[in-house]
Amino acid sequence: MRIDRQTVRLLTQAGFFILFLLAPIFDLFRLDLNLKHFFFLGMNWTLGLDDFVAGRISALEAAFRLVVRGGLPILGTIALGIWVSWKYGRLYCGWLCPHFSVVETINHFMRRATGKQSLWEHHPQPERNADGSMTRADPRYWLLLVPIVTGFSFAWALALLTYLLPPSEIYGNLWHGTLTRNQTIFISAATLAFFIEFMFARHLFCRYACAIGLFQSLAWMGNRKALVIGFDRRRAITCADCNAACDNVCPMRLKPRSIKRHMFTCTQCGQCAQSCEQVQTNNPQGPLLKWVDQACALDKSARDFGHHIEIPAHCYTKPSE
Ligand code: SF4
Ligand code: SF4
């Protein structure tokens, strides 16, 4: 049985979302403000400088611990992140990030309720989907949408607190109705803030406010041969028969046929390419959109600077050809 890419992506997103909620509970990763140090993979993650303060180790050994326990893990993570983004773009965003899972889920129910994936869009998108199914707006979906957004907001607020204070204390207090005043204020304020962000500004956050997303995009833009959703412009006339299914499906509300600069916040979710595959399923030449890299990716980048270069012949041929 062949599992399609979007199913794999859904599974990786769901897995990472569960990890995001459970990581503090199992001390996989969290900062404990009471103990004033991190936990990582079930172990205390300290810089080990207490021994230096107590005079048990030399300054040289303290410096060594600082580099090994602090500098190397942080720099290693950053270097790995930059390398992956340089080659593959915002892969983390589209395939793992727990915020983007929320974005996509809310987009889905927002479209069911309003016909649009975002409240800020002027016009509803076509009811016909790329696979031929229909999605008609029904205001009754608001009755589902609001509890879903509230639920996500509360779960995020609670999880955030468990990244800062012992999860056993927070969940125990919640279960027994004995949250402290400060804990109650934190969870209430964070739930409200997340509700506003998820409902009204989730795309804006991904585009402009998330440092992780921004640095991935910058690294990606620096590599003209990086993986990108390419468009076979030579057959652009074929799009005349389509209702812009690729634009309609994009969860970041981008235009996947445009130049790379305009796709700065592309999360490599691949939904646009899948939509084109569905629309062009009977086209012997295959879809016009697909992931490309190396020489096939240059056309997309060159157009950022107004240059038009020839697309190598093999870039958009079907694998069997
Ligand atoms: S342009 Fe395509 S791959 Fe990028 S975010 Fe939009 S749908 Fe996903
Ligand atoms: S690229 Fe594919 S999905 Fe997009 S408008 Fe053209 S035919 Fe439709």
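This is a short tour of a predicted model, stop by stop, with something to select at each one.

**Stop 1: the whole chain**

Start with the full view. The C-alpha atoms of the chain fill a box of roughly 75 × 55 × 40 Å along the principal axes. Switch to a cartoon, and the secondary structure comes to 13 helices and five strands. Of the 321 residues in the chain, 28% count as buried. Among contacts between residues at least 6 apart in sequence, 66% join residues at least 24 apart.

**Stop 2: two domains**

Now colour residues 5–29 together with 93–209 as domain 1, and residues 222–316 as domain 2. The centres of domain 1 and domain 2, taken over C-alpha atoms, are separated by 29 Å. Where they touch, 19 residues of domain 1 and 17 residues of domain 2 take part in the contact. On the domain 1 side, helix 1 (5–22), helix 4, helix 5 and helix 9 each supply at least two residues. Which of these helices gives the largest share of that side? Helix 5 does, with four residues. By class, the touching side of domain 1 has six nonpolar, seven polar and six charged residues.

**Stop 3: helix 5**

Since helix 5 came up, select it next. Its 17 residues, at 1.5 Å a residue, should span 24 Å, and the C-alpha atoms at its two ends are indeed 24 Å apart, so the expectation and the model agree. Show the side chains of H99, F100, V102, V103, E104, I106, N107, M110 and R111: these residues of helix 5 are buried. Their cover includes helix 4 (91–95), helix 6, helix 8 and helix 9 (202–209). Just after helix 5 you meet G115, which has a positive phi near 85°.

**Stop 4: the largest nonpolar core**

In soluble globular proteins, nonpolar side chains tend to be buried together. Here the largest nonpolar core has 45 residues, and C246, C272, C276 and L289 have the most contacts inside it. The elements that give this core two or more residues include helix 8 (181–200), helix 10 (211–221), strand 4 (228–231) and strand 5 (289–292). Helix 6 provides the largest share of this core, seven residues. Both domains take part, as at least three residues come from each of domain 1 and domain 2.

Pick C272 for a closer look. Leaving aside residues up to four places away in sequence, C272 touches I229, C246, V249, C250, P256 and L289.

**Stop 5: helix 12**

Next, select residues 271–279, which form helix 12. How many of the nine residues of helix 12 are buried? Eight of them are, so to speak, under cover. The buried residues are Q271, C272, A273, Q274, S275, C276, E277 and V279. What covers them includes helix 1, strand 4, helix 11 and strand 5.

**Stop 6: the two ligands**

Centre the view on ligand 1. It is surrounded by 14 residues, and the closest are C250, P256, C266, C269 and C272. The shell around ligand 1 divides into 10 nonpolar, four polar and no charged residues. C272 is thus a residue you have already visited, as one of those with the most contacts in the core.

Then move to ligand 2. Among the 14 residues around ligand 2, C239, C242, A245, C246 and C276 come nearest. Helix 11 (245–249) and helix 12 each supply at least two residues of this shell, and helix 12 gives the most, with three. By class, the shell around ligand 2 has 10 nonpolar, three polar and one charged residues.

**Stop 7: two loop residues**

Finish with two loops. K36 sits between strand 1 (29–32) and strand 2 (37–40). Its phi is positive, near 60°, in a residue other than glycine. Is K36 buried or exposed? K36 counts as exposed because it has 8 C-beta neighbours inside 10 Å, and the cut-off for exposed is 12 or fewer.

L41 lies in the loop between strand 2 and strand 3 (43–45). L41 is not a glycine, yet its phi is positive, about 50°. With 10 other C-beta atoms within 10 Å, L41 is exposed.

Methods:
Residues are numbered from 1 along each chain as its sequence is written. Chains are lettered from A and ligands numbered from 1 in the order in which they are written. This is a predicted model: local features need pLDDT of at least 70, side-chain atom pairs count only at pLDDT 80 or more; totals for chains, interfaces and linings use all residues. A residue is near a molecule or strand if its C-beta atom, placed from the backbone, lies within 6 Å of it. Ala, Val, Leu, Ile, Met, Phe, Trp, Tyr, Cys and Pro count as nonpolar, Asp, Glu, Lys and Arg as charged, and the others, Gly among them, as polar. A nonpolar core is a set of buried Ala, Val, Leu, Ile, Met, Phe, Trp, Tyr and Cys residues joined through C-beta atoms within 7 Å. A residue is buried if 20 or more other C-beta atoms lie within 10 Å of its own, exposed if 12 or fewer, and partly exposed in between; C-beta atoms are placed from the backbone. Domain bounds come from an automatic or database domain assignment. Two residues are in contact if their C-beta atoms, placed from the backbone, lie within 7 Å. The expected span of a helix is 1.5 Å times one less than its number of residues.
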